[in-house]
Amino acid sequence: MMLGTARALPAVPDTAGPFGQGITYPPTFTTAGRLQLSSGVTLVDQALLSICQTTPGERCMQPDYGIASLLFEPVRDLDRTRVELQDNIADHEPRIDGATVGVAVVDASQNAVEIAITYQPAGEANARTLTAPFYSGPAATSTGV
């Protein structure tokens with residue numbers, strides 16, 4: 001007896017390795033109307049991007065997942081962003097052996113920050129770097145009171 005739709009999920013590709021296969025982030029659909037799947041190291045890159053763009057409390061079973069609540073923090077507190085992201089990666093991404101996070105201001109007038117995550121996928125010899133834009137809220141304006 002077969003349950004579900006035959007061939008609803010394609011076989012996990014050989015390139016997935018120890019990283020597996022999952023839904024792409026951000027979720028997209030194929031032309032057939034099914035959720036698009038990612039596999040391998042691409043899935044790890046997408047998981048790191050998800051951590052950067054998820055607000056803590058947004059995932060009901062993982063209330064501490066994500067750092068997007070820092071989007072509305074002042075740009076001057078880059079160390080807090082770096083430490084919180086590094087802790088989040090250590091807690092929620094087991095497919096990485098080690099990660100180093102760099103945070104740099106790109107455009108202070110727009111509160112634009114760039115995050116660079118250098119990490120080593122578990123079981124691989126080569127380190128990778130993921131760079132993501134991060135906007136920390138409205139630009140500060142001085143008001144004379």
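Here is a short walk through the structure, with something to select at each stop.

**The whole chain**

Keep in mind that you're looking at a predicted model. Start with everything shown as a cartoon: there are two helices and five strands. Trace the chain from the N terminus and the elements come up as β-β-α-α-β-β-β. Switch on a surface and you have about 9,200 Å² exposed, with carbon and sulfur atoms supplying 55% of that area. Of the chain's 145 residues, 32% count as buried. If you like drawing contacts, take those between residues at least 6 apart in sequence: 40% of them join residues at least 24 apart.

**Helix 1**

Now select residues 41-53, which make up helix 1. Try the distance tool on its end C-alpha atoms; they sit 19 Å apart. At 1.5 Å a residue, 13 residues should span 18 Å, so the helix agrees with expectation.

How many of the 13 residues of helix 1 are buried? The count is 10, so call this helix mostly covered, with buried meaning under 20% relative accessible area. To see them, colour Val41, Leu43, Val44, Asp45, Gln46, Ala47, Leu48, Ser50, Ile51 and Cys52. Notice that Asp45 and Gln46 are on that list along with Leu43 and Val44.

**Ser50**

Stay in helix 1 and zoom in on Ser50. Its relative accessible area is 4%, which is why it counts as buried. What does Ser50 touch, leaving aside residues up to four places away in sequence? Show Tyr25, Arg59 and Tyr65 as sticks, and you have its contacts.

**A nonpolar patch**

Next, bring the surface back and select Ile23, Phe29 and Leu35. Together they form a nonpolar surface patch with about 310 Å² of accessible area. Ile23 belongs to strand 1, residues 21-23. Is Ile23 buried or partly exposed? With a relative accessible area of 46%, it is partly exposed, because that class lies between the 20% and 50% cut-offs.

**Thr129 in strand 5**

For the last stop, select residues 128-135, which are strand 5, and pick out Thr129. Leaving aside residues up to four places away in sequence, Thr129 touches Ala116, Ile117 and Thr118. Look at the side chains of Thr129 and Thr118: they make a polar contact at 3.2 Å. Then add Val101 to the view. Thr129 and Val101 are 28 residues apart in sequence, and their C-alpha atoms are 9.5 Å apart in space.

How values were computed: Residues numbered from 1 in each chain as written. Predicted model: local features only at pLDDT ≥ 70, side-chain atom pairs only at ≥ 80, totals over all residues. Heavy atoms only, no water. Patch = residues over 30% accessible without salt bridge, like charges linked within 9 Å, V, L, I, M, F, W, Y side chains within 5 Å. Areas by Shrake-Rupley, 256 points an atom, 1.4 Å probe, with all protein chains shown as cover. Salt bridge = Lys/Arg side-chain N within 4 Å of Asp/Glu carboxyl O. Helix = DSSP H or I, 4+ residues; strand = E, 2+ residues; numbered from the N terminus. Buried < 20%, exposed > 50% of the residue type's maximum accessible area, 1.4 Å probe, protein only. Expected span 1.5 Å × (residues − 1). Contact = heavy atoms within 4.5 Å. Polar contact = N/O pair within 3.5 Å; in protein donor to acceptor, adjacent residues only side chain to side chain.
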